[in-house]
Every structure is written in C-alpha cells, then in structure tokens.
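Reader: Could you take me through the helix packing in this one, with a close look at some residues in and around it? Keep it informal, but tell me what your terms mean.

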Amino acid sequence: MKIAIVHDWLTGMRGGEKCLEVFCRLFPEADLFTLLHIPGSVSPIIENRRIHTSFLQSFPLIEKKYRYYLPLMPWAIESLDLKGYDLILSSSHCVAKGIRPPPGALHISYCHTPMRYVWDQYDQYFNRQESDKLVSKAMQILAPRLRRWDVRSSRRVDWFIANSKHVQKRIQKHYNRPSEVIYPPVDAGFYSPHKEDPDGPEYLVVSAFAPYKRVDLAVEAFNELGYPLTVVGQGQMEDQLRASGGPGIRFTGWQSDEEIRSHYSRCRAFIFCGEEDFGITPLEAQAMGKPVIAYARGGVLETVVPDRESWRPETEIPEEKTRQPTGVFFYEQTPSALIQAIKHFESIRDQFDPSAIRKHAVSFNVDIFSDRIQQYIEDQLKGVS
C-alpha cells in the first residue's frame with residue numbers, strides 16, 4: 001500500500017506537528033506533502049521524510065509571510081500530485097484536507113479545526129483595528145469564496161477524525177459531516193517532573209504570538225499584579241507584546257523542547273488565555289504536575305479539571321471530577337478576569353496535588369494516541385477491502 005501524509009506547512013513544531021510526528025512513526029515509508037517547508041524548522045523524524053512542496057515554496061518572502069498567500073493555498077494544495085497513492089492521511093487546520101485524492105484512494109483527515117482563518121477566528125485575524133486595512137478589505141471579498149471552497153473540498157474526505165469534541169461540533173456545523181474524536185498526544189515520558197526542581201515564583205506562558213492566543217491579556221494582567229511572568233514564544237505580535245511588557249515580564253523567544261520543559265518544571269502555574277481547538281501546552285504543563293489557569297473555552301474544557309469554585313455547569317465537566325482539580329478557569333477574556341483567577345489560585349494553591357495533575361495528563365499520552373489512530377485507520381481499511 002502506497003501512503004501519502006499531507007500537512008498544511010512545515011514552519012515550526014507546534015501541536016499539529018507533534019501529531020504529524022506520530023503519523024510519520026506509524027507510516028515510516030509514507031511520503032509527506034505540504035504547501036511549504038522551512039528546512040530545519042521541524043523535528044528530525046519529520047525532516048527525514050521525502051517532503052514534496054507546492055509551487056508556493058518558491059514565492060518571495062514565503063518563510064515569514066506565508067499567511068499572506070492564504071488566497072492561493074486552495075489552488076496550491078490541489079496542485080500536488082497524489083497519483084498512485086492508496087491511502088491519504090491529511091493533518092489539516094487550513095487546506096490540507098482539500099487535497100485531490102486519486103480515484104480509489106481512501107482519504108482520512110485528522111482535522112485540528114475547519115479553516116480557522118475564515119470561520120470562527122476570522123475577526124481576530126482580520127479585524128480592521130488590528131490588521132492592515134488593505135488586507136482586511138481584501139479578505140472581506142475573499143473570505144466567502146474561501147469558505148465555499150472549504151465546504152466543497154470537505155467532500156473529498158472519506159472519514160474525519162476530530163482532535164476534540166469542540167472541533168467535532170465545528171466539523172458538523174461547517175461541513176455537515178460526522179467525525180470520531182481522538183485527542184492529540186502529550187509526551188508524558190519527556191514531560192516528566194524532576195523532584196529536584198522546586199516551584200519558583202514565576203508564572204509561565206508558552207505560545208505563538210498570534211492574535212487569537214491573547215498573550216496580551218497575560219502581559220497586561222501581570223503588569224498590574226507585579227508578579228513575575230516568563231513568556232516563551234515568538235510570532236507576528238512580538239514587537240507589540242515586548243513593548244507593552246513591564247519589568248516583571250521576561251520574554252525568552254522560542255526555545256528548544258528541553259528548555260521549555262525546564263521552564264515548566266520551575267513555574268508556579270501555567271497561564272493559557274486563548275480559545276484553542278485543543279491546546280497541547282496545558283497538557284504538557286499538567287504532565288509536569290503543574291496547575292493551569294485557563295480561559296474556559298475550547299479544548300481546555302476537555303483537558304483541564306477546574307476547582308469547585310471556578311467550575312460552572314456550562315463547562316460540561318461533571319462536578320465529581322473537581323475533587324482532584326488540575327487548574328482554575330476564568331470566563332471572560334479580560335485582564336481583570338485573569339487577575340481574579342490568579343488571586344483565586346493563590347488562595348487555594350494547597351489544593352493542587354502534582355501527582356494527581358500528572359496522572360490526569362498521562363491519560364492523553366502519546367502511545368494512547370498512536371494506538372487509537374492505528375486502530376481507526378485499520379478499521380476503515382477493512383471496510384473498503
């Protein structure tokens with residue numbers, strides 16, 4: 001059986017790329033197709049694939065400005081030639097699931113989200129006050145076309161896998177398609193606490209600096225509180241965030257997995273202000289035994305167990321699960337709501353048991369993800385044999 005793996009782009013190691021690593025391990029002989037690849041930006045197991053890129057690879061400034069080519073991405077993904085492949089496994093948060101499978105091929109799509117740039121997070125990327133006016137105006141014209149393409153191309157997928165119940169609902173809403181939920185993996189073996197590292201006074205953010213991540217909330221809240229905050233990451237809002245950070249906020253840039261693990265090990269708690277489709281970093285922090293202070297929307301509702309006082313019925317977490325909390329929720333994306341959550345966390349810190357927090361995270365371990373993906377694909381192949 002000839003297998004092709006399709007991923008939107010290879011520009012860094014984030015949650016989607018950690019899923020991609022597992023796909024590469026499961027199918028070591030598979031070819032990898034992507035819109036563009038920045039050499040050295042992903043892990044060796046991905047870099048060592050036979051990587052096929054689209055015509056976007058040769059475009060000017062593609063490494064830093066690839067999102068500006070969003071209107072061309074449907075055309076680019078459709079241009080990739082998958083003739084002769086029997087199984088297509090796409091890992092998609094943008095256009096990868098829109099690949100044109102050859103006749104007779106089975107296409108399974110692991111969907112991190114329907115194209116976020118034109119659906120749920122359109123305003124955060126192209127709000128007139130936050131983005132270039134010309135870009136904003138162009139997207140008003142182009143977004144409806146991209147949405148139509150996104151829905152139409154979803155019919156090229158035989159089976160959808162959603163990375164969370166949150167995304168499962170969005171797949172049903174936008175594509176009118178059912179899906180199976182298989183949660184992304186956390187490497188609980190790598191992210192394992194070191195007893196010799198005591199908790200420090202610093203809180204921690206690990207994030208790309210994209211608008212929807214709302215790192216600005218953390219910066220503003222910690223400026224007001226005066227508590228120390230370490231921010232690991234980089235991205236399009238970096239200059240703005242660094243300029244607004246006070247003396248207690250330390251920006252490190254992006255760092256290696258080993259360095260990030262060290263930050264997790266020493267932090268007081270992990271701060272998560274965005275609404276994510278799933279969100280792998282809160283699980284990494286919990287695997288290190290660290291509590292999470294999170295905005296109660298999106299994937300964290302399925303990965304963080306709040307304390308009793310910050311649990312609300314609309315989070316759909318059974319009340320009995322709050323007996324061993326792994327974090328604190330806040331319900332408004334405002335600095336004041338985050339400040340209140342941090343102060344609440346400080347008042348109940350002794351309720352958090354690092355071993356219980358880690359035990360919860362281990363239920364999302366990478367071997368569980370790998371086994372479930374492999375079994376799902378085998379089941380679908382049996383259905384067409």
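Author: Here is a walk through two helix pairs, followed by a handful of single residues.

A word on the ground rules: this is a predicted model, where local features need pLDDT of at least 70 and side-chain atom pairs count only at pLDDT 80 or more, while totals for chains, interfaces and linings use all residues. Residues are numbered from 1 along each chain as its sequence is written, and side-chain values use heavy atoms, with hydrogens and water left out.

Let's start with helix 8, which covers residues 215–225. Helices here are DSSP runs of H or I with at least four residues, strands are E runs of at least two, and both are numbered from the N terminus. The buried residues in helix 8 are V215, L217, A218, V219, A221, F222 and L225. "Buried" means under 20% relative accessible area, "exposed" means over 50%, and "partly exposed" is in between (1.4 Å probe, protein chains only). What covers those buried residues? The cover includes strand 8 (203–206), strand 9 (229–232), strand 10 (249–253) and strand 11 (270–272), along with helix 9 (238–244) and helix 12. Just after helix 8 comes G226, with a positive phi near 80°.

Helix 12 deserves its own look. Two packed helices are described by the angle between their axes and the distance between the axes. For helix 8 and helix 12, the axes come within 9 Å and cross at roughly 60°. An axis is a line fitted to C-alpha atoms, for helices over the stretch in contact, and the angle runs from 0 to 180 degrees between N-to-C directions. The two helices are therefore oblique to each other; under 35 degrees would count as roughly parallel, over 145 as roughly antiparallel, 65 to 115 as roughly perpendicular, and the rest is oblique. The crossing of helix 8 and helix 12 is right-handed, meaning that the near helix is turned clockwise from the far one by less than a right angle (anticlockwise would be left-handed). On the helix 8 side, the residues involved are L217, A218, E220, A221, F222, E224 and L225, and they meet P335, L338, I339, I342 and K343 of helix 12. Contact means heavy atoms within 4.5 Å. By class, this contact has nine nonpolar, three charged and no polar residues. For those classes, Ala, Val, Leu, Ile, Met, Phe, Trp, Tyr, Cys and Pro are nonpolar, Asp, Glu, Lys and Arg are charged, and the others, Gly among them, are polar.

Further along helix 12 (residues 335–347) sits F345. F345 is buried, at 2% relative accessible area. Leaving out residues up to four places away in sequence, F345 touches Y203, R268, A269, P291, I293, V328 and F352. From F345 to I368 is 23 residues in sequence, and 31 Å from C-alpha to C-alpha.

Now for the second pair. Helix 1 (residues 15–26) packs on helix 14 (residues 366–384) at an angle of about 60°, with the axes 10 Å apart. This pair is therefore oblique, and helix 1 passes helix 14 in a right-handed crossing. Helix 1 puts in C19, V22, F23 and L26, while helix 14 brings V366, F369, S370, I373 and Q374. By class, that gives seven nonpolar, two polar and no charged residues.

V366 of helix 14 is partly exposed, with a relative accessible area of 24%. Apart from its neighbours within four places in sequence, V366 is in contact with V22, P185, V186 and D187. The C-alpha atoms of V366 and G189 are separated by 8.8 Å, although the two residues are 177 residues apart along the chain.

Two buried polar or charged side chains round things off. Q286 lies in helix 11 (residues 281–287) and is buried at 0% relative accessible area. A polar atom of the Q286 side chain lies 3.2 Å from the backbone oxygen of T303. K97 is in the loop between strand 4 (87–92) and strand 5 (106–111), and at 1% relative accessibility K97 counts as buried too. The K97 side chain makes a polar contact of 2.7 Å with the side chain of S153. A polar contact is a pair of N or O atoms within 3.5 Å; within protein, one must be able to donate a hydrogen and the other to accept it, and residues adjacent in sequence count only if both atoms are side-chain atoms.
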